[in-house]
Amino acid sequence: MAMLYSESDKTRKESYRVPLFASEEEQIRIPNYKLKDEPIEARIAYQLVKDELMDEGNARQNLATFCQTYMEPEATKLMSETLEKNAVDKSEYPQTAELENKCVNILADLWHAPSAEKYSGTSTVGSSEACMLGGLAMKFRWRKKAEERGLDIAKQRPNLVISSGYQVCWEKFCVYWDVDMRVVPMDEAHLRLDTDKVLDYVDEYTIGIVGILGITYTGEFDDIQALDKIVAGYNKTHDHELVIHIDGASGAMFAPFVEPDLKWDFQLDNVVSINTSGHKYGLVYPGVGWIIWRGEEYLPRELVFDVSYLGGSMPTMAINFSRSASQIIGQYYNFLRYGFSGYKKIHERTRDTALYLAKIVKETGYFDVIHEGANLPIVCYKMKADLDVEWTLYDLADQLLMKGWQVPAYPLPDNLSDTIVQRFVCRADLGYNVAEEFAKDFQEAIHNLEHVRVLYHADKNQGTYGFTH
């Protein structure tokens, strides 16, 4: 009589009935430096990895990050169903490519790109890659124009002008592509680009000026309209043409809905390119970014590659060549789902939450509010100078972390490094009820600091405390 199962088959089948936390795999150390010899059951591997991540905390309580921490279930489902699509392989996934084109067109319209100048754009992994592309386009265009003017481009390195409130991706750009970074320092009177001094940093080797629509330290917007007037005046009296790139990582998908009358985009003649993070106020999970150039002349042809790939020819300008299309599809889902009025309502509600929390911070009497969240929903504050207390913002960060809230404290850059600030980012998933809970925990944290005698941070300047991306 034939047997359906051997003894070894029976043993293997029995392993699936072993309770997860009674399994052999749960009793041994997981691999750190080399692969295990044998595979393990999927449900156990899942739980082991999940347990490894358990003490990271709740992402929605991370008030340090601008990155989106919630999407609708339908968006998550759609993105999970398209993870395997390579965004760069446009010949194999032409409909995905079409959705990317639609996103580019939507953003170009949102930023008032003049159609007569034949705008172009692309998705990127995040706004950092988009900044790299914007910087490269300025550098290549400057080099061509400088050679036409007869400038000795080997005499000195090209330079980029930006405020000291820059995000680190610009420092990376300058290091990677041999560009000098000329930093206009912020001061207490100018917690953004000091437009009165910007031309002091400009010469014939300047590839462009970066305006920041949402400084990561404070949430302030550079005055792009004032910068454009200064650049226009410079260009009237110089053969060397200055251009402006807008790093709108946070603000470029917030300001058009909340401050539609604010002129910062392609309505200004000298703004030639804009980048943004789709995974910030574009409301998509990390990571997707976008960059748009106002016209063909601002994206040098040598930066666009026609690649023969899998039976088709496709132009590409992004640095990365293999990445999932799921975030692009998630971006288009949001555009389709929310429309202009949906984004407007979400962002206005988020701004109102920031204003509410700024009021809570101010009413404690301990802090000077630097940015209350009116233009970008970031609340940034410092301790009042005349306070007679033993605790610091670093101690406050510790107290908040006890309730799961990640709220960074850090010094401002350059010559403001003695000023310690704290800030939290209000995102779309920080609803009013959650904000009320945070406000209670914030007030309780201060009460505890006033009444307990165990303080860890004796030094008031601990450097950056918490991730300030």
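This passage describes an annotated lysine, several aromatic rings and one asparagine in a predicted model.

The annotated residue comes first. An unreviewed UniProt entry places the feature "modified residue: N6-(pyridoxal phosphate)lysine" at Lys280. In the model, lysine 280 lies in a loop. Strand E6 (271-277) comes before this loop, and strand E7 (289-293) follows it. Is lysine 280 buried or exposed? Its relative accessibility is 12%, so lysine 280 counts as buried; the cut-off for buried is under 20%. Residues up to four places away in sequence are set aside for the contacts. Beyond them, lysine 280 touches Phe66, Gln68, Ser127, Ala249 and Ser250.

Aromatic rings were examined next. Across the whole structure, the search finds 22 aromatic pairs. Two numbers describe such a pair: the distance of the ring centres and the angle of the planes. Tryptophan 111 and tryptophan 264 form one of the pairs, with ring centres 6.3 Å apart. Their planes stand at 70°, so this pair is edge-to-face; the angle needed is over 60 degrees. The two tryptophans link distant parts of the chain, 153 residues apart. Tryptophan 111 sits in the loop between helix H4 (94-110) and strand E1 (120-124). Tryptophan 264 sits in the loop between helix H8 (255-258) and E6. Tryptophan 111 counts as buried because its relative accessibility is 0%. Tryptophan 264 has a relative accessibility of 2%, so tryptophan 264 counts as buried too.

A second pair joins tyrosine 366 and phenylalanine 367. Here the ring centres are 6.2 Å apart. The planes of tyrosine 366 and phenylalanine 367 meet at 50°, so the pair is tilted. Stacked planes would be under 30 degrees apart, and edge-to-face planes over 60. Both tyrosine 366 and phenylalanine 367 are buried. These two residues also belong to one aromatic cluster. The other members of the cluster are Tyr381, Trp391, Trp405, Phe424, Phe438 and Phe442.

A ring can also have a charged side chain over it. Arginine 143 lies over the face of phenylalanine 140. The distance from the ring centre is 4.5 Å.

The last residue is polar contact partner asparagine 235. Asparagine 235 is located in helix H7 (residues 224-237). Which side chain does the side chain of asparagine 235 make a polar contact with? The partner is the side chain of asparagine 270, at 3.3 Å. Asn270 also appears among the residues that asparagine 235 touches, along with His240, Glu241 and Leu242. That list again leaves out residues up to four places away in sequence.

Notes. Residues are numbered from 1 along each chain as its sequence is written. This is a predicted model: local features need pLDDT of at least 70, side-chain atom pairs count only at pLDDT 80 or more; totals for chains, interfaces and linings use all residues. Side-chain values use heavy atoms; hydrogens and water are left out. UniProt positions are given in the numbering used here, feature names are shortened, and annotations may be inferred rather than shown by experiment. Helices (H or I, at least four residues) and strands (E, at least two) are DSSP runs, numbered from the N terminus. Buried means under 20% relative accessible area, exposed over 50%, partly exposed in between (1.4 Å probe, protein chains only). Contact means heavy atoms within 4.5 Å. Rings of Phe, Tyr and Trp (its six-membered ring) pair if their centres lie within 6.5 Å; planes under 30 degrees apart count as stacked, over 60 as edge-to-face and the rest as tilted. A charge sits over a ring if NZ of Lys or CZ of Arg is within 6 Å of the ring centre and within 35 degrees of the ring normal. A polar contact is a pair of N or O atoms within 3.5 Å; within protein, one must be able to donate a hydrogen and the other to accept it, and residues adjacent in sequence count only if both atoms are side-chain atoms.
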